[in-house]
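The following paragraphs lead the reader through one protein structure. It may help to keep the sequence and the model in view while reading.

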Amino acid sequence: RELGRRGEELVYRHELERVRRMGHPDPEAVVIWTSSTELGADHDIRSVDEEGRTRWIEVKSTTGTDGRFEWSRKEFERAIRERDCYELWRVYNAAGRDPVARCFPDPARLL
């Protein structure tokens with residue numbers, strides 16, 4: 001659980017900075033760390049893109065540099081529904097000093 005939280009926090013902070021660079025006056029109002037308050041949510045972070053459309057973000061963390069992960073049915077269904085507004089982030093080496101985050105936009109297209 002702590003590993004997942006660490007990965008989510010890394011992506012959440014990255015997303016706040018991205019929205020801040022877009023010039024949004026209050027990134028904290030539009031970048032919501034959903035899973036921190038809603039256990040079992042179908043996404044981890046909700047944000048916005050440059051056009052103001054909702055972006056849905058799921059974060060999967062691991063201690064290694066690759067590997068499998070569990071993707072719940074609810075999370076997968078959200079990915080299918082949202083397609084180009086959905087991102088899957090993998091955080092590798094999440095327990096180490098230098099975690100690496102990699103974004104997979106519209107991961108459903110990879111199936």
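In this predicted model, a network of salt bridges links Glu15, Arg18, Glu50, Arg55 and Glu87. Within the network, the side chains of arginine 18 and glutamate 50 meet in a salt bridge, with 3.6 Å from N to O. Arginine 18 belongs to helix H1 and glutamate 50 to the loop between S1 and S2, so this pair ties together parts that lie 32 residues apart in sequence. The surroundings of the two partners can be stated from their accessibility. Arginine 18 has a relative accessible area of 13% and is therefore buried, the limit for that class being under 20%. Glutamate 50, with a relative accessible area of 59%, is exposed.

A search of the whole structure finds 16 salt bridges. One of these salt bridges joins arginine 53 to aspartate 49, whose closest N and O atoms are 2.7 Å apart. Here arginine 53 counts as partly exposed, at 39% relative accessibility, whereas aspartate 49 counts as buried at 6%. Another salt bridge is formed by aspartate 42 and arginine 78, with the closest N and O atoms 3.0 Å apart. This pair links distant parts of the chain: aspartate 42 is in the loop between helix H2 (27–30) and S1, arginine 78 is in helix H3, and 36 residues separate them. Both aspartate 42 and arginine 78 are buried.

The strands named above may be considered next. Strand S1 (residues 45–48) and strand S2 run antiparallel and are joined by 4 bridges. Serine 47 has arginine 55, in S2, as its bridge partner; arginine 55 is also a member of the salt-bridge network described at the outset. The hairpin of S1 and S2 has 5 residues between the strands, and in this hairpin glycine 52 takes a positive phi near 90 degrees.

Which elements supply the nonpolar interior? The largest nonpolar core has 14 residues, and those with the most contacts inside it are Val11, Tyr12, Val31, Ile45, Ile57 and Val59. Two or more residues of this core are given by each of helix H1 (2–21), S1, S2 and S3. H1 provides the largest share, 4 residues. Tyrosine 12 offers a view of the packing from one residue: leaving aside its neighbours within four places in sequence, tyrosine 12 is in contact with Val31, Ile32, Trp33 and Ile45. Of these contact partners, Val31 and Ile45 are also listed among the core residues with the most contacts.

Attention now turns to helix H3. In this helix, which spans residues 73–82, Glu75, Arg78 and Ala79 are buried. Seen down the helix axis, the buried residues of H3 fall within an arc of 100 degrees, so they line one face of the helix. These buried residues pack against strand S2 (54–61) and strand S3 (86–92). The face turned away from the buried side of H3 carries the exposed residues Arg73 and Arg81. Arg78, on the buried side, is the arginine that forms the salt bridge with aspartate 42. Just after H3, arginine 83 takes a positive phi of about 40 degrees.

How buried or exposed is alanine 79, a residue of this helix? Alanine 79 has 0% relative accessibility and therefore counts as buried. Not counting residues up to four places away in sequence, alanine 79 touches Trp71, Tyr86 and Ala108. Arginine 68 stands 11 residues from alanine 79 along the chain, and the C-alpha atoms of the two are separated by 17 Å.

Trp71, one of the residues touched by alanine 79, leads to the aromatic side chains. The structure holds 3 aromatic pairs. In one of them, tryptophan 71 and phenylalanine 76 are arranged edge-to-face, with 5.2 Å from centre to centre and 85 degrees between the planes. Tryptophan 71 counts as partly exposed at 22% relative accessibility, and phenylalanine 76 is likewise partly exposed, with a relative accessible area of 30%. Together with Phe69, the residues Trp71 and Phe76 form one aromatic cluster.

Conventions:
Residues are numbered from 1 along each chain as its sequence is written. This is a predicted model: local features need pLDDT of at least 70, side-chain atom pairs count only at pLDDT 80 or more; totals for chains, interfaces and linings use all residues. Side-chain values use heavy atoms; hydrogens and water are left out. Buried means under 20% relative accessible area, exposed over 50%, partly exposed in between (1.4 Å probe, protein chains only). The arc is that of the directions from the helix axis to the C-beta atoms. Contact means heavy atoms within 4.5 Å. Two strands pair if DSSP finds at least two bridges between them. A nonpolar core is a set of buried Ala, Val, Leu, Ile, Met, Phe, Trp, Tyr and Cys residues joined through side-chain atoms within 4.5 Å. A salt bridge is a side-chain nitrogen of Lys or Arg within 4 Å of a carboxyl oxygen of Asp or Glu. Rings of Phe, Tyr and Trp (its six-membered ring) pair if their centres lie within 6.5 Å; planes under 30 degrees apart count as stacked, over 60 as edge-to-face and the rest as tilted.
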